[in-house]
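Let us take a friendly walk through this structure together. Please keep the sequence and the 3D view at hand as you read.

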Amino acid sequence: MDFFRVQPVNKVIELIEEYVQPVSKTEVVSLSEASGRIVAENVYAREDVPSFSRSTVDGFAVKSNDTYGVSEMMPGFLSVIGEVEMGRLSEYDVQQGQAVYVPTGGMLPTGCNAVVMIEDCEQVEDIVNVSRSVATNENVILKGEDVKAGEVLIKKGTKLRPQELGALASLGIDTVAVVKKVIIGYLSSGDEIVPFSTTDLPPGKIRDVNGVSIPALAEQWGAEVHISDIANDNYSDFRDKAEHLFQECDALFISGGSSVGAKDYTTEVIASLGNGDPGILVHGVSVKPGKPTILSVSSKKPVVGLPGHPASAMIIFQLFGKRIISHLTGQGEVFPLTGKASVSQNIPSSPGRTDFIRVTLEEGNPFPKATPVLGKSGLIKTLVNSDALLEIEAPKEGVKQGETVTVHYFM
Ligand SMILES: Nc1nc2c(c(=O)[nH]1)N[C@H]1C(S)=C(S)[C@@H](COP(=O)(O)OP(=O)(O)OC[C@H]3O[C@@H](n4cnc5c(N)ncnc54)[C@H](O)[C@@H]3O)O[C@H]1N2
Ligand code: MOO
C-alpha cells in the first residue's frame, strides 16, 4: 500500500479551515478562572472608567488659563483653598485664581481642568507660586477616558490575556461567559510503546513520549485532553480505544501507525470512525518531517493520524493541531509566531516539499543567526536543543548561507 491523497501544507490548512467548525458550547466562569479562555459574547462596559476625573501626578489642581504665560522668572500666584484626600469625594468648587493640592490618582475638584506638578510649584502658607504653565487636561485622566459606558470592552472570540482580565476587574465584572474548553482525545499506538512510567524497560520496548508531549501542547493551547491507554497493533483493541475517545471528544489525535507498514492500522481505524462524511481528506503531506500524516473529518469531528517519530509528531501538531483547536473554539485563523533569521549554512531541500528544520538561534545583526540542529525525527532531544523551526517553502531547492529566512517559534 502507498500513501494516497498526498497534499501540500497549504492545502491541508485550507481543508482544516473548510471542514473544522466551532463546537460553540459556552459556560460562565469567575474572573480568577478565566485566564486564557475565549470570550463567548461581547462584553459591554456598564459604567465609565475612571468613574471620576483624576490627577495623574502629585500637584496643584488649577484652571489652566490661570497658568498661561508663567515661567520660572515670572511665576504666577494662586491661593490654595485646600487639599483633596485620596479615595474621598472632592467638595471644592475652584474659582479663577485658586488652586487645590491633589495627590496622584485623587479626584480632580470641580472647576479645575489641569494639574501643575509639585516640582513646578512652591507653596508658602496659603499661596502657591506656579512656575510652569499647563494646557487644558494636562496631567489629568478624564472620567470615561479609559472606557466609556456602553462601549464594547471585549469582543466575542477574544482570548483573555492578563490585560483583558484587568479591564474586566476595573468594571467590577466578576464572571464572564467563555467558550467551553475543547476536548481533545489522544491515543498512542504500537506494540512497542509502554507507559512512560515503566521503570524496567523490556527489550524492544520504548516509553510513550508522544503521549506526554502532545497532550502538554494541547493543554498549553487551552484544550482539555482525554488520554487513552496505549493501543496494541491489534485492530479490535485499537478501534475500541479510538471509538471510545471519538465519542467523548471534539477531536481525536492518534500517534503511530500512520505510515504504510503491514501492521499500520491507523488509516483503517480512522476510516471506521463516525459517518465517513467526508472521511479521510489527507493521507500524506508534502512536508519534512511528518509526511505520514492523516487528516479525516467524520460526523463533523476532525481526526488526525500523527507520525510516530516524536519530533515529527510535535512539529505536525504545531502546524495543524493548533489550527484545529483554534477553529473548534471559534477563534479561526492562527497567526504563527514567526520571526526573521539569517541562516548560518547552506541547507538543501526538495522542491515541492515544505521543510521545517530545527534550529538554534544566536544573537546577530540585523537578524539572529539560525544554525540547524542535526538529527533524525525519531530523536526528541533535537527539539529539546532547538529554539525554533526554520521553514523552507515548498517551491525552494534550499536556502543559502546568509539568506534571510522565516523561523517559527514554539507556541
Ligand atoms: N516504507 C516507508 N517507511 C516509512 C516511511 C515511508 O514513507 N515509507 N515514512 C517514515 C517516516 S518519515 C515516519 S515519520 C514514520 C512514521 O511512521 P508511523 O506514523 O507509522 O509510526 P510508527 O511506525 O508507529 O512509529 C515510528 C517511530 O516512532 C516511534 N513511536 C511511535 N509512537 C511513539 C510514541 N508514542 N512515543 C515515542 N515513540 C513513538 C516508533 O517506535 C517508531 O520508532 O514512518 C517511517 N517509515
Ligand atoms: O516524515 Mo518522518 O516524520 O520525517 O520522520
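This report covers the two ligand sites, the salt bridges, the cysteines and a few spots on the surface and in the interior. Please bear in mind that the model is predicted.

## The ligand sites

Let us start with ligand 1. Around it are 22 residues, and the closest of them are Glu192, Asp208, Gly257, Ser258 and Ser259. One of these, Glu192, places a polar side-chain atom 2.6 Å from an oxygen atom of the ligand. Gly257 takes part through its backbone instead: a polar backbone atom there is 2.9 Å from an oxygen atom of ligand 1. How much of ligand 1 does the protein bury? Taken alone, the ligand exposes 870 Å², and the protein buries 68% of that. Val209 also contributes a polar backbone atom, which is 3.0 Å from a nitrogen atom of ligand 1.

Val209 is worth remembering, as it appears again in the surface section below.

Now for ligand 2. Which residues surround it? They are Pro289, Gly290, Lys291, Pro292, Pro307, His309, Ser312 and Ser377. Two of its contacts come from backbone atoms: an N or O atom of the Gly290 backbone lies 2.7 Å from an oxygen atom of ligand 2, and one of the Lys291 backbone lies 2.8 Å from an oxygen atom of the ligand. Ser312 uses its side chain, where an N or O atom is 2.5 Å from an oxygen atom of ligand 2.

## Salt bridges

How many salt bridges does the structure hold? There are ten. The table sets out three of them.

| Basic residue | Acidic residue | N to O distance |
|---|---|---|
| Arg37 | Glu27 | 2.6 Å |
| Arg239 | Glu243 | 3.1 Å |
| Arg353 | Asp355 | 2.8 Å |

Take the pair of Arg37 and Glu27, whose side chains meet in a salt bridge. Glu27 belongs to strand β1, while Arg37 sits in the loop between β1 (26-30) and β2 (43-44), so the bridge ties together parts that are ten residues apart in sequence. Arg37 is buried, as its relative accessible area is 10%, whereas Glu27 is partly exposed at 28%.

The pair of Arg239 and Glu243 has another setting. Both residues are in helix α4 (residues 235-248), and because they are four residues apart there, about one helical turn separates them. Arg239 counts as partly exposed, with a relative accessibility of 22%.

What about Arg353 and Asp355: buried or partly exposed? Arg353 is partly exposed, at 22% relative accessibility, but its partner Asp355 is buried, at 3%. Elsewhere, Asp120, Arg132 and Glu138 are joined into one network by salt bridges that share partners.

## Cysteines

How many disulfides does a search of the whole structure find? The search finds zero. Cys112 is in no disulfide, and the nearest cysteine sulfur to its own, that of Cys121, is 12 Å away. Looking from the other side, the closest cysteine sulfur to that of Cys121 is the one in Cys112, and because these atoms are 12 Å apart, they are too far from each other for a bond. For comparison, a disulfide calls for sulfur atoms within 2.5 Å. Both cysteines are on the buried side of the scale: Cys112 has a relative accessibility of 10% and counts as buried, and Cys121, at 15%, counts as buried too.

## Surface and interior

Here Val209 returns. Together with Ile380 and Val384, Val209 forms a nonpolar patch on the surface, and the accessible area of the three together is about 220 Å². Val209 thus links two parts of this report, as a member of the patch and as a backbone contact of ligand 1. Within the patch, Val384 is part of helix α7 (residues 381-384). Val384 is exposed, since its relative accessible area is 61%.

Another valine has a contrasting environment. Is Val147 buried or exposed? Val147 counts as buried, at 6% relative accessibility. Its place is in the loop between β10 (140-141) and β11 (152-154). To get a sense of distance, try locating Val147 and Leu390 in the viewer: they are 243 residues apart in sequence, and their C-alpha atoms are 42 Å apart in space.

Terms used
Residues are numbered from 1 along each chain as its sequence is written. Chains are lettered from A and ligands numbered from 1 in the order in which they are written. This is a predicted model: local features need pLDDT of at least 70, side-chain atom pairs count only at pLDDT 80 or more; totals for chains, interfaces and linings use all residues. Side-chain values use heavy atoms; hydrogens and water are left out. Buried means under 20% relative accessible area, exposed over 50%, partly exposed in between (1.4 Å probe, protein chains only). Patches are made of residues with over 30% relative accessible area and no salt bridge: like charges are joined within 9 Å, nonpolar side chains (Val, Leu, Ile, Met, Phe, Trp, Tyr) within 5 Å. Accessible areas come from the Shrake-Rupley method with a 1.4 Å probe; for residues, only the protein chains shown count as cover. A salt bridge is a side-chain nitrogen of Lys or Arg within 4 Å of a carboxyl oxygen of Asp or Glu. Helices (H or I, at least four residues) and strands (E, at least two) are DSSP runs, numbered from the N terminus. A residue is near a molecule or strand if one of its heavy atoms lies within 4 Å of it. A polar contact is a pair of N or O atoms within 3.5 Å; within protein, one must be able to donate a hydrogen and the other to accept it, and residues adjacent in sequence count only if both atoms are side-chain atoms.
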